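Here is a briefing on one protein chain. Take the sequence and the coordinates first, then the notes by topic.

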Amino acid sequence: MTAMIDLVFMLNIFFLVTSLVTALAEVDLPAAKHVVAADMESATTITILSAGGGADGQVYLGEDKESRLIPQLDEEVSISTAVTTGLAAGKELVVIKAERRVPLRVVSRVAAAASIDGVRLHLAVMELD
């Protein structure tokens with residue numbers, strides 16, 4: 001009887017843990033209600049496109065896929081250097097454009113690398129197919 005009780009408790013713990021992991025896996029963020037257009041001429045633009053297959057997104061310095069691809073190992077240094085260079089050129093805005101399927105952790109990582117004193121961050125979501 002003791003073995004049966006242990007088994008029931010272990011199953012309860014298993015189902016509790018797996019249900020918490022699946023519940024926390026996806027977060028639905030609310031849609032933006034108020035939008036202010038950013039001046040793209042005075043902004044450093046960072047684009048994040050989905051890599052597909054559950055992989056992290058691909059980060060580009062510039063408007064689109066034709067821009068310079070940043071390797072993930074060099075991501076933090078390259079982004080902070082680009083933002084610092086843009087700030088020296090008078091670009092006080094950083095626009096992070098992310099495809100809708102890009103995980104939030106990738107956008108957070110890029111935003112943390114781009115956060116420098118004197119720079120304002122703007123986030124945009126692209127509806128790409």
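**Aromatic contacts**

A search of the whole structure, which is a predicted model, turns up one aromatic pair. Phe14 and Phe15 form that pair in edge-to-face geometry. The ring centres are 5.4 Å apart, and the planes meet at 65°. The angle counts as edge-to-face because planes over 60 degrees apart fall in that class.

- Phe14 sits in helix α1, which covers residues 2-25.
- Phe15 is exposed, at a relative accessible area of 51%. That value earns the label because exposed means over 50%.
- Both Phe14 and Phe15 also belong to a nonpolar surface patch of about 1100 Å².
- The other members of the patch are Met1, Met4, Ile5, Leu7, Val8, Phe9, Met10 and Leu11.

**Overall layout**

- The chain holds three helices and five strands.
- Along the sequence, their order reads α-β-β-β-α-β-α-β.
- The chain has 129 residues, and buried residues make up 28% of them.

**Strands β1 and β4**

- Strand β4 spans residues 93-99 and is mostly covered. How many of its residues are buried? The count is seven of seven.
- Both faces of β4 are covered. One side carries Leu93, Val95, Lys97 and Glu99, all buried.
- The other side of β4 carries Val94, Ile96 and Ala98, and these are buried as well.
- Strand β1, residues 43-49, pairs with β4. The pairing is parallel and runs over six bridges.
- Thr45 stands opposite Val95 of β4.
- Thr47 lies in strand β1. Is Thr47 buried or exposed? Thr47 is buried, with a relative accessible area of 1%.
- The side chain of Thr47 reaches the backbone oxygen of Gly62 at 2.5 Å.

**Salt bridges**

- How many salt bridges are there? The count comes to two.
- One of them joins Arg109 and Glu75, with the closest N and O atoms 2.6 Å apart.
- Arg109 lies in helix α3 and Glu75 in helix α2, residues 75-88, so this pair ties together parts that are 34 residues apart in sequence.
- The two partners differ in cover: Arg109 is partly exposed at 28% relative accessible area, whereas Glu75 is buried at 5%.
- Arg101 forms a salt bridge with Glu99. The closest N and O atoms are 2.6 Å apart here too.
- The side chains of Arg101 and Glu99 are also listed as a polar contact, at 2.6 Å.
- Arg101 counts as exposed, at 52% relative accessibility. Glu99 is buried, with a relative accessible area of 6%. The labels part ways because buried means under 20% and exposed means over 50%.

**Arg101 in its loop**

- Where is Arg101 found? Arg101 is in the loop between β4 and α3, the latter covering 104-114.
- Arg101 and Ser50 are 51 residues apart in sequence. Their C-alpha atoms are 6.0 Å apart in space.
- The loop residue Arg101 therefore combines an exposed state, at 52% relative accessibility, with a salt bridge to a residue of β4, Glu99.

**Helix α2**

- Ser78 is found in helix α2. Glu75, the salt-bridge partner of Arg109, lies in helix α2 as well.
- Ser78 counts as buried, at 8% relative accessibility.
- Which side chain does the side chain of Ser78 contact? The side chain of Ser78 makes a polar contact with the side chain of Asp74, at 2.9 Å.

**The loop between α1 and β1**

- Ala37 has its place in the loop between α1 and β1.
- Ala37 is exposed, with a relative accessible area of 75%.
- Ala37 and His122 are 85 residues apart along the chain. Their C-alpha atoms are separated by 9.6 Å.

Notes:
Residues are numbered from 1 along each chain as its sequence is written. This is a predicted model: local features need pLDDT of at least 70, side-chain atom pairs count only at pLDDT 80 or more; totals for chains, interfaces and linings use all residues. Side-chain values use heavy atoms; hydrogens and water are left out. Patches are made of residues with over 30% relative accessible area and no salt bridge: like charges are joined within 9 Å, nonpolar side chains (Val, Leu, Ile, Met, Phe, Trp, Tyr) within 5 Å. Accessible areas come from the Shrake-Rupley method with a 1.4 Å probe; for residues, only the protein chains shown count as cover. A salt bridge is a side-chain nitrogen of Lys or Arg within 4 Å of a carboxyl oxygen of Asp or Glu. Helices (H or I, at least four residues) and strands (E, at least two) are DSSP runs, numbered from the N terminus. Buried means under 20% relative accessible area, exposed over 50%, partly exposed in between (1.4 Å probe, protein chains only). Two strands pair if DSSP finds at least two bridges between them. Rings of Phe, Tyr and Trp (its six-membered ring) pair if their centres lie within 6.5 Å; planes under 30 degrees apart count as stacked, over 60 as edge-to-face and the rest as tilted. A polar contact is a pair of N or O atoms within 3.5 Å; within protein, one must be able to donate a hydrogen and the other to accept it, and residues adjacent in sequence count only if both atoms are side-chain atoms.
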